[in-house]
Amino acid sequence: MNPSESFYTEDTRRWLERAVIGLNLCPFAKAVHVKQQIHYALSQARGVNELRDELGTQLRELVKLNPEVRETTLLIVPKVLRDFLDFNDFLAEAEEVLTALDLEGVIQIASFHPDYQFAGTRADDITNFTNRSPYPTLHLIREASIDRAVEAFPDPEVIFETNMNTLEKLGLAGWVALDVGPTLTSESRHEK
């Protein structure tokens, strides 16, 4: 990664530290962050086919390494899939890559995007910000990690509800104060 591109990784790391860990949106993120077991992979893809190839490479690398070395990977995708609907559509292709590599049940892919929007919400609903990141990002998570997390938190719905409450209390002004990335959807940015 050349120095002019390192800001993508630094923006993502700041988002992780201030929002994901700082707001405790993922109660499991702090431990792997402190142990430096998160791999930040910056995609160079300029198209979906290139991204599929990079995703395959990152998945293979993750499973071949010991979890003590690399527990999880954040694949940061700044140059493609900027439109949330395109990104959302790509998630089906990402699952196809998992299947082709015979990694279903081994790795799970979580998704984050600057314009993330849960079904049934308005674009400006603050609860969407639980999954808003500075750039489109695919989080590659070991299923074994999820299993351990479920043992610690047998009711994951509580985490989801807590996150919604946290963001509703924080509000947009509080999110902006975190200085971690997107505050408006692409539509809103283009209107300004």
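**Reading a fold: a tutorial dialogue**

Colleague: Leaving aside its neighbours within four places in sequence, which residues is N131 in contact with?

Modeller: Contact means that heavy atoms lie within 4.5 Å. Once neighbours within four places in sequence are set aside, N131 is in contact with S111, F112, H113, Y116 and F118. Before we continue, please note that this is a predicted model, in which local features need pLDDT of at least 70 and side-chain atom pairs count only at pLDDT 80 or more, while totals for chains, interfaces and linings use all residues. Residues are numbered from 1 along each chain as its sequence is written, and side-chain values use heavy atoms, with hydrogens and water left out.

Colleague: Where is N131 found, and is N131 buried or exposed?

Modeller: A residue is buried under 20% relative accessible area, exposed over 50%, and partly exposed in between (1.4 Å probe, protein chains only). N131 counts as buried because its relative accessibility is 15%. The residue is found in the loop between β3 and β4. Such element names come from DSSP runs numbered from the N terminus: helices are H or I with at least four residues, and strands are E with at least two.

Colleague: In what order do the 4 strands form the sheet?

Modeller: Two strands pair if DSSP finds at least two bridges between them. Here the order is β1-β2-β4-β3, in an open sheet with mixed pairing. The edge strands, β1 (38-42) and β3 (107-112), each pair on one side only. From one strand to the next, the twist averages 20°; for such angles, axes are lines fitted to C-alpha atoms (for helices over the stretch in contact), and the values run from 0 to 180 degrees between N-to-C directions.

Colleague: In which sense does β2 pair with β1, and in which sense with β4?

Modeller: With β1, strand β2 (residues 72-76) pairs in the parallel sense over 5 bridges. L75 is the bridge partner of A41, and I76 is that of L42. The chain travels from β1 to β2 through helix α3 (residues 48-64), in a right-handed β-α-β crossover. Right-handed means that, with the strands pointing away from the viewer, the path from the first strand over the helix to the second runs clockwise. With β4, the pairing of β2 is antiparallel, again over 5 bridges, and T73 stands opposite L140.

Colleague: Which way do the residues of β2 point?

Modeller: In a regular strand the side chains alternate between the two faces of the sheet. In this model T72, L74 and I76 point one way from β2, whereas T73 and L75 point the other way. The strand is mostly covered, with 5 of its 5 residues buried.

Colleague: Which helices lie across the strands?

Modeller: Helix α1 (residues 6-21) lies across β1, β2 and β3 and runs at about 140° to β1. Helix α5 (residues 143-152) lies across β3 and β4 (137-142), at about 75° to β4. For a single residue in a helix, take V20, which is found in α1. V20 is buried because its relative accessibility is 9%. Not counting residues up to four places away in sequence, V20 touches W15, L25, C26 and A29.

Colleague: What does Q58 touch?

Modeller: Q58 is found in helix α3 and touches H39, A41, R70, T73, L75 and L140, residues up to four places away in sequence not being counted. With a relative accessible area of 12%, Q58 is therefore buried.

Colleague: Where does N24 lie, and what is special about its phi?

Modeller: N24 lies in the loop between α1 and α2. Its phi is near 60°, a positive value in a residue other than glycine. N24 is partly exposed, because its relative accessible area is 45%. D102 also has a positive phi, about 55°, although it is not a glycine. D102 sits in the loop between α4 (84-100) and β3, and at 65% relative accessibility D102 counts as exposed.
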